[in-house]
Amino acid sequence: MGYPDQRFDVNLSILFTELPLLERPAAAAAAGFTAVELWWPWIETPTPIRAELDALKKALDDAGTQLVGLNFYAGQLPGPDRGALSVPGSESDRFRENIEVAADFAASVGCTALNALYGNRVEGVDPQVQDALALENLVLAARAADRVGAILLIETLNKPESPLYPLVSAPAAIEVVDKVNAATGLGNAKFLLDLYHLSMNGEDLSQVIKAYAAKTGHVQIADNPGRGAPGTGSLPLERLLDELKDAGYAGWVGLEYKPGDRPSAESFDWLPASARAAG
């Protein structure tokens, strides 16, 4: 049990950001990791040119790293946005333009989890209108993910840092998961359980794990307070990951934390080198 018993991947959109995108897979590999995940890397466009997609695939392949999670287009992230799919107008259109692009790229690199960030509430827009649009777009995303053998992830964020984001509790995200699965009949919508975000919302993490492990498709961690590496805060992350495993979760655990003032490669001292390569 404990950290060596987990399958970790490195989020290259929050770690190794001191390096250009195409150098990050090799840096993760040099630190001992064989699996990585990414937010949508091209925040300016949902439809990057083929050469950029090919270059990222080559960087992943050359490093020997497996991409295990990818976000659909989510607007300016990091930044003011928290997704695009429930935002009427051009952002929803951009999300739709991205769906097949992201799914096809995921298929090309063997990535089987696609995360769809819900998007912020918009002043002057009826929340029910946003939720109807969200379901419509999530159904399209779930079908595209299913086409390439992937699951669709729905994530809870935290209210202090994302005050306009409506999914700020585990039950809120689970409700969306269930609605998408009911609408598609595919059963491939899953919960992205982020222990940092849930802890920031004051949720009972052990209870969330017991209630929703069976509907969880991906896990992310950072310590709290500070969103740093495990051991920099007070969350019992090792125990919580053991609870997840005991509850039947056998998937990936994404390292989505800030390295602090040190280089990213020096932020993994909490994890033995022998436990970094995913089996």
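Trainee: Is Val-253 buried or exposed?

Mentor: Val-253 is buried, with a relative accessible area of 0%. Buried means under 20% relative accessible area, exposed over 50%, and partly exposed in between, with a 1.4 Å probe and protein chains only. Please note that this is a predicted model, in which local features need pLDDT of at least 70, side-chain atom pairs count only at pLDDT 80 or more, and totals for chains, interfaces and linings use all residues. Residues are numbered from 1 along each chain as its sequence is written, and side-chain values use heavy atoms, with hydrogens and water left out.

Trainee: Where does Val-253 lie?

Mentor: Val-253 belongs to strand β8, residues 252-255. Helices (H or I, at least four residues) and strands (E, at least two) are DSSP runs, numbered from the N terminus.

Trainee: And how far apart are the C-alpha atoms of Val-253 and Asn-11?

Mentor: They are separated by 9.9 Å, although the two residues are 242 residues apart along the chain.

Trainee: Let us turn to open space. What volume does the largest pocket have?

Mentor: Its volume is about 270 Å³. The closest to its centre, of the 17 residues that line this pocket, are Trp-39, Leu-77, Arg-82, His-197 and Arg-227. On a 1 Å grid over the protein atoms alone, a pocket is an open set of points with protein on both sides within 12 Å along at least five of seven lines, whereas a cavity is a set of points where a 1.4 Å probe fits but cannot get out; lining residues have an atom within 4 Å of a point. Grid points are joined across faces, edges and corners, and a volume is the space filled by probe spheres set on the points.

Trainee: How does the lining of the largest pocket divide?

Mentor: It divides into 6 nonpolar, 5 polar and 6 charged residues. Here Ala, Val, Leu, Ile, Met, Phe, Trp, Tyr, Cys and Pro count as nonpolar, Asp, Glu, Lys and Arg as charged, and the others, Gly among them, as polar.

Trainee: How many cavities of 30 Å³ or more does the search find?

Mentor: The search of the whole structure finds 2. The largest cavity holds about 60 Å³ of space, and 13 residues line it, with Glu-37, Gly-69, Asn-71, Asn-115 and Gln-220 nearest its centre.

Trainee: Which strands supply at least two residues of that lining?

Mentor: β2 (35-38), β3 (66-71), β4 (113-115) and β7 each do so. The largest share, 3 residues, comes from β3. By class, the lining of the largest cavity has 6 nonpolar, 6 polar and 1 charged.

Trainee: What lines the second largest cavity?

Mentor: Gln-6, Arg-7, Lys-245, Tyr-249, Ala-250 and Gly-251 line it. That cavity has a volume of about 30 Å³, and its lining has 2 nonpolar, 2 polar and 2 charged residues.

Trainee: Changing topic: how many salt bridges are found in the whole structure?

Mentor: The search finds 13, a salt bridge being a side-chain nitrogen of Lys or Arg within 4 Å of a carboxyl oxygen of Asp or Glu. One of the pairs is Lys-57 with Asp-61, whose closest N and O atoms are 2.7 Å apart. These two residues are 4 apart in helix α2 (residues 50-63), so about one helical turn separates them. Lys-57 is partly exposed at 27% relative accessibility, and Asp-61 is partly exposed at 45%.

Trainee: What does the pair of Glu-136 and Arg-96 tie together?

Mentor: Glu-136 and Arg-96 form a salt bridge, with the closest N and O atoms 2.6 Å apart. Glu-136 lies in helix α4 (residues 127-147) and Arg-96 in helix α3 (residues 90-109), so the pair ties together parts that are 40 residues apart in sequence.

Trainee: Which residues are linked with Glu-100 in a network of salt bridges?

Mentor: Asp-104 and Arg-147 are linked with Glu-100 in that network.

Trainee: What is the nearest side chain of opposite charge to Asp-223?

Mentor: It is Arg-262, 9.9 Å away; Asp-223 is buried yet has no salt bridge. For charge, Lys and Arg count as positive and Asp and Glu as negative, while His and the chain ends are not counted.

Trainee: Which backbone nitrogen does the side chain of Asp-223 reach at 2.9 Å?

Mentor: That of Leu-235. In addition, the backbone nitrogen of Thr-232 lies 3.4 Å from a polar atom of the Asp-223 side chain. Asp-223 itself is found in the loop between β7 (216-221) and α8 (237-246).

Conventions: Polar contact = N/O pair within 3.5 Å; in protein donor to acceptor, adjacent residues only side chain to side chain.
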